[in-house]
2 protein chains.
Amino acid sequence: MPLGYDRAMTAELPSTGSGRLPLRERKKLRTRQALIDTALELFTTRGFSGVTLDELCDAVDVSKRTFFRNFAGKEDVAMAPTQDLWVAFLDELEIHEPDGRPLAEMLQQVLFAALERMTGEGWVRRVLLSRRLAGETPSMDAHGLHFCHRTSRTALATLHRRFHFAAPDDLRPQLALDLLVSAFHCALDRWTSRPGTPTRSDLAADLREAFAALPGSLTLTVDLRA
Amino acid sequence: MPLGYDRAMTAELPSTGSGRLPLRERKKLRTRQALIDTALELFTTRGFSGVTLDELCDAVDVSKRTFFRNFAGKEDVAMAPTQDLWVAFLDELEIHEPDGRPLAEMLQQVLFAALERMTGEGWVRRVLLSRRLAGETPSMDAHGLHFCHRTSRTALATLHRRFHFAAPDDLRPQLALDLLVSAFHCALDRWTSRPGTPTRSDLAADLREAFAALPGSLTLTVDLRA
DNA sequence: ACAGTTATGCCACTGAGTGGCATAAGCGCG
DNA sequence: CGCGCTTATGCCACTCAGTGGCATAACTGT
């Protein structure tokens, strides 16, 4: 039973009746959460490359071997908050009922629904720390980009499984997903650089704004500077 | 003077009168090119992780230290062909004259112009090898994604420097660039999985098709499967 | 030919990530 | 309650990517 658990979010776990899960699972989730929070804290104060995995594992009182059973790599632990959102997105996509509106709008709705699910008040803070770190850590940014890319591929498979498309090799569904991801990143960047401590509804507002800007991005015209 | 240069592309360098460059520069470019081609060959036959940098450097008869003066990392050397295209894209963007058509179309034109510049007949083969490797090597894919992302940021700065926008924080230029990149990747994926040995004009065709699909990606509607 | 610049080679080192195996913690069952 | 069964964890040794310092060799201009 590792130390450092005290501060390290016993608070977040009971989010939705975790009393159901067996003790072993709960412990696993606790270590995972402790690693995420300690990592975000250490990386934020001393920089991503200023903290070794050994130090992180020491701080959480866990062996490096255990770390790698929970995360794929050093970047992974710091990107976990955003990844949680996309996992929820995939989940929502499975159960969402279409209403005749364009696919792009449906995907936006699904993303909003996923955002609604991120209930813990700790999530907003974690995403903020995570994104600010990613802004100054190329390898983290690359890792996040790749994760989004893989997620959109998975989502594409879900779309093809659940919905009907005229042509199986139509590029438009894939492009619609990429557009969603692009707008999401634009919104996230803007949200992250807001002064003070932005809230979840701020993020929703930035998202709406980015989605609204999408159609214009194909028609916008420009002139040379005078 | 490293060995392995014989097969290793004295052919590509004189592409545009490299007689102008000083000897030292030519040698540097030769080593660089030799590293790229040998890397693509070794990675293709034995897999990305099946080849150590030491082996690669041995094959090209170069010290590991020299490798890292030419490339930022192991993934970098294998993604060089695609990166060359984007460097040309940025260059074309600097000199392109707008003609009143939408920004998105202009960017597509600029990308086509960059593609025209990839003259060496070796380029097509290299991109093909590189992309097929990226398809089965997550870390390469992540690296490529990140490079495109950074490039689009640079391009955004160029746009703001050269052209006039109503609002300085307008999201649409950024989104237009992301759309371009998404369509490019769609086209590249399709081109890469063509049977046989696809040509440069095949790639141009796939690009046109992907660009044409962009507008529809926002309006496409879907139904549940019967 | 000489002096200045710059790429290269060599060497030692840190730190990420992996595999194997013993141990202990949670779990189900009699 | 105590017993095996499953599974997470810890420990150890190892490979390999990537870095820094410093001496040397290779080009450059005069």
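Leaving aside its neighbours within four places in sequence, which residues is A:Val110 in contact with? I would like to start there, and to say at once that what we are looking at is a predicted model, with every value computed from it. The residues are A:Phe89, A:Glu92, A:Leu93 and A:His96, once the neighbours within four places are set aside. A:Val110 itself sits in helix 5 of chain A, which runs over residues 103-117, and with a relative accessible area of 1% it falls under the 20% cut-off, so it counts as buried. A further distance helps to place it: A:Ile95 is 15 residues away along the chain, and the two C-alpha atoms are 9.5 Å apart.

Let me step back to the whole of chain A. The chain has 10 helices and two strands, and read from the N terminus the order is α-α-α-α-α-α-α-β-α-α-α-β. Its C-alpha trace extends over about 55 × 50 × 30 Å along the principal axes, and 53% of the 226 residues count as buried. If we take the contacts with a separation of 6 or more, 69% of them join residues that are 24 or more positions apart.

Now to helix 1, residues 23-46 of chain A, where 24 residues at 1.5 Å each should span 34 Å, and the end C-alpha atoms are indeed 34 Å apart, which agrees. Its buried residues include A:Ala34, A:Leu35, A:Ile36 and A:Phe43, and among the elements that cover the buried residues of this helix are helix 2, helix 3, helix 4 and helix 6 of chain A. Just after helix 1 comes A:Gly47, which has a positive phi, near 85°.

Helix 4, residues 74-95, can be put to the same span test: its 22 residues should cover 32 Å, and the end C-alpha atoms are 33 Å apart, which agrees. That agreement should be read alongside a bend of about 60° at A:Ala80, with a proline, A:Pro81, following within four residues. The helix is mostly covered, since 16 of its 22 residues are buried.

Two annotations come from the UniProt record, and both belong to an unreviewed entry, so I would treat them as possibly inferred rather than shown by experiment. One is "domain: HTH tetR-type", covering residues 29-89 of chain A; in the model that span is 80% helix and 0% strand, and its end C-alpha atoms lie 20 Å apart. The other is "DNA-binding region", listed for residues 52-71 of chain A, where the chain is 75% helix and 0% strand, with 15 Å between the end C-alpha atoms.

Finally, the pair of chains. Chain B can be laid on chain A by a turn of 180° and a shift of 0.0 Å along the axis, with an RMSD of 0.0 Å, and the two copies are thus related as by a two-fold rotation axis. In chain B, the C-alpha nearest that axis belongs to B:Ala142, at 2.7 Å.

The contact draws 50 residues from chain B and 49 residues from chain A, and the area buried between the chains is about 4,600 Å², with carbon and sulfur atoms giving 68%. On the chain B side, B:Leu218, B:Leu220 and B:Val222 lose the most area to chain A, and together they make up 15% of what that side buries. Of the interface residues of chain B, 98% are also interface residues in chain A, so the copies meet through the same surface.

Note on methods
Residues numbered from 1 in each chain as written. Chains lettered and ligands numbered in written order. Predicted model: local features only at pLDDT ≥ 70, side-chain atom pairs only at ≥ 80, totals over all residues. Heavy atoms only, no water. Least-squares fit on C-alpha atoms with pLDDT ≥ 70 in both. Contact = heavy atoms within 4.5 Å. Expected span 1.5 Å × (residues − 1). Bend = angle between axes of the 7 residues up to and from the residue. Buried < 20%, exposed > 50% of the residue type's maximum accessible area, 1.4 Å probe, protein only. Buried area = accessible area lost by both parts, 1.4 Å probe.
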